[in-house]
Amino acid sequence: MESQESDICNAEEMDMLLSKLWLFPLFKTVDWSSVSVPLMNPTGELPARNEWQGEYFFDAKVDLTGVHKKHYVVSSKLNKLYVDMDKVVPFQIHWDGTPGLYVRALMMFTLADHMKNPVKRCITHKDKDNPMNTHYEHSEHVLATGNDNAEYNMDQQSKRYSVKVPLHLQQGCNYALVNYKFMCKTSCTGGLNRSPTDVIFTLEDAGGTVYGRQIIAVKICSCPKRDKEKDEANMAEPSGGKRKMKVKKEEKKLEPAMKKIKQEFNPNENGPVTFMVTCTNHEIAEMAKNHLRRWDEIKSVEWGAPGVPGVPAPPLLHITDDVAVLPQPYL
Ligand SMILES: [Zn+2]
């Protein structure tokens with residue numbers, strides 16, 4: 001038993017080991033403990049905030065490809081978007097391409113004391129005579145989208161505002177681009193009131209059932225680059241930085257779904273990669289295997305015959321009760 005104990009990694013060590021594996025993006029963002037979470041109202045009194053890729057491999061991230069814009073920047077250290085008011089920010093919405101799904105974006109205050117309050121626009125910016133609203137009729141919604149088929153919602157109970165966009169993949173692209181704009185500033189008195197906010201993206205079907213969730217902090221300000229540098233510098237200082245790290249560690253301790261990983265993996269060799277993940281129980285192990293199988297199906301089609309749909313590649317993974325064997329990536 002002692003030798004098994006010595007193999008147990010903490011969450012950070014596990015992250016480090018997984019980061020060396022090709023499948024890291026798959027594992028990193030899957031919140032295994034939430035896979036069987038009961039359905040919750042994404043616009044309710046306290047919407048869930050855990051990130052969860054779910055069965056459709058959902059992800060939402062700012063599109064930074066080929067961008068040299070000054071009006072928005074992203075801090076990967078803080079998982080935070082800094083953006084100027086009333087300027088377009090494109091987001092890449094990733095999922096497995098299943099039709100009939102939607103992405104909902106909802107802003108929420110980050111601090112516990114403010115979380116229950118809906119995020120809405122300040123009096124100045126929602127004024128009908130404000131030039132910002134000449135072509136914008138959703139006067140209370142801070143978060144706007146350029147998508148013509150968007151539905152703007154206000155939850156009658158929680159009074160939260162959100163916007164929902166139907167998702168379609170374009171040929172040859174494995175994500176949908178959705179443009180968003182923020183129609184107030186973080187500093188607006190009577191609106192965001194300098195209180196930090198997050199945007200919560202949920203993958204939903206037409207009936208509002210949630211299949212995935214992603215979250216990014218957002219600050220709406222006049223000098224995104226300057227504010228980002230300032231926040232990152234504050235984070236590096238002992239008082240601010242330590243507090244954040246401590247919170248992160250505590251969050252990780254709550255969800256030690258997979259405790260042990262062994263790998264037999266030499267990145268310099270062209271051969272299959274074998275690794276073993278030990279889960280805390282059979283249920284989580286089954287979920288992990290199902291995710292791998294689903295991933296295999298998707299990638300087999302995606303990589304099978306470029307440009308020729310419906311011709312899958314041979315299975316990429318060999319999964320047994322104990323092991324999953326991966327070939328080297330051929331990207
Ligand atoms: Zn405002």
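Which residue is the bridge partner of Ala 60 in β4? In this predicted model, that partner is Ile 93. The legends below treat the strands around β4 and then several further sites.

**Figure 1. Pairing of β1 with β4.** Strands β1 and β4 run antiparallel and are joined by 4 bridges. Within this pairing, Ala 60 is matched with Ile 93 of β4. Ile 93 belongs to the side of β4 that also carries Val 89 and Phe 91, and these residues are all buried.

**Figure 2. Strand β4 and its two covered faces.** Strand β4 spans residues 89–94, and 6 of its 6 residues are buried. In a regular strand, side chains alternate between the two faces of the sheet. In β4, one side presents Val 89, Phe 91 and Ile 93, the other presents Pro 90, Gln 92 and His 94, and both faces are covered. Strand β4 also pairs with β9 (residues 175–182) in the antiparallel sense, over 6 bridges. In that pairing, His 94 stands opposite Tyr 175 of β9.

**Figure 3. Asp 63 and Pro 90.** Asp 63 is placed in the loop between β1 and β2. Asp 63 counts as buried because its relative accessible area is 7%, under the 20% limit. Although Asp 63 and Pro 90 are 27 residues apart along the chain, their C-alpha atoms are separated by 5.5 Å. Pro 90 is itself buried, on the side of β4 that also holds Gln 92 and His 94.

**Figure 4. The hairpin of β2 and β3.** Strand β2 (residues 72–75) and strand β3 (residues 80–83) run antiparallel and are joined by 4 bridges. Val 74 has Leu 81 as its bridge partner in β3. The hairpin has 4 residues between the strands, and Asn 79 takes a positive phi near 45 degrees.

**Figure 5. The zinc site.** Four side-chain atoms coordinate the zinc ion at 2.0 to 2.3 Å: SG of Cys 122, ND1 of His 125, SG of Cys 184 and SG of Cys 188. The arrangement is tetrahedral because the 4 donor atoms subtend angles of 98 to 118 degrees around the zinc ion. For four tetrahedral donors the ideal angle is 109.5 degrees. In sequence, the donor residues follow the spacing C-x2-H-x58-C-x3-C.

**Figure 6. Cys 122 within the zinc site.** Cys 122 lies in the loop between β5 (101–109) and α4 (123–126). With a relative accessible area of 2%, Cys 122 is buried; His 125 is buried as well. The C-alpha atoms of Cys 122 and Cys 184 are separated by 7.0 Å, with the two residues 62 apart along the chain. Both of these cysteines supply an SG atom to the zinc ion.

**Figure 7. The largest cavity and its lining.** The structure holds 2 cavities of 30 Å³ or more, and about 50 Å³ of space lies in the largest cavity. Which residues line the largest cavity? The lining consists of Met 107, Val 119, His 141, Val 142, Leu 143, Tyr 161, Ser 162 and Val 163. By class, 6 of the lining residues are nonpolar and 2 are polar, with no charged residues. Strand β8 (residues 161–166) contributes the largest share of the lining, with 3 residues.

**Figure 8. Two loop residues with positive phi.** Most residues other than glycine have a negative phi. Phe 57, by contrast, has a positive phi near 55 degrees. Phe 57 is placed in the loop between α3 (24–28) and β1 (59–62), and counts as buried because its relative accessibility is 12%. Lys 159 likewise has a positive phi, near 65 degrees. Lys 159 lies in the loop between β7 (151–154) and β8. Is Lys 159 buried or partly exposed? Lys 159 is partly exposed, since its relative accessible area is 40%, and partly exposed residues fall between the 20% and 50% limits.

**Figure 9. Ile 216 and Thr 197.** Ile 216 is found in strand β11 (residues 210–220). With a relative accessible area of 7%, Ile 216 is buried. Ile 216 and Thr 197 are 19 residues apart in sequence, and the distance in space is 8.8 Å from C-alpha to C-alpha.

Terms used:
Residues numbered from 1 in each chain as written. Predicted model: local features only at pLDDT ≥ 70, side-chain atom pairs only at ≥ 80, totals over all residues. Heavy atoms only, no water. 1 Å grid on protein atoms, 1.4 Å probe; cavity = no way out; pocket = protein on both sides within 12 Å on 5 of 7 lines; lining within 4 Å. Points joined across faces, edges and corners; volume = space filled by probe spheres on them. Nonpolar A, V, L, I, M, F, W, Y, C, P; charged D, E, K, R; others polar. Pairing = 2+ DSSP bridges. Donors = N, O, S within 2.8 Å, 3.2 Å for Na, K, Ca; no water. Tetrahedral: all angles 85-135°; square planar, octahedral: opposite > 155°, others 65-115°. Buried < 20%, exposed > 50% of the residue type's maximum accessible area, 1.4 Å probe, protein only.
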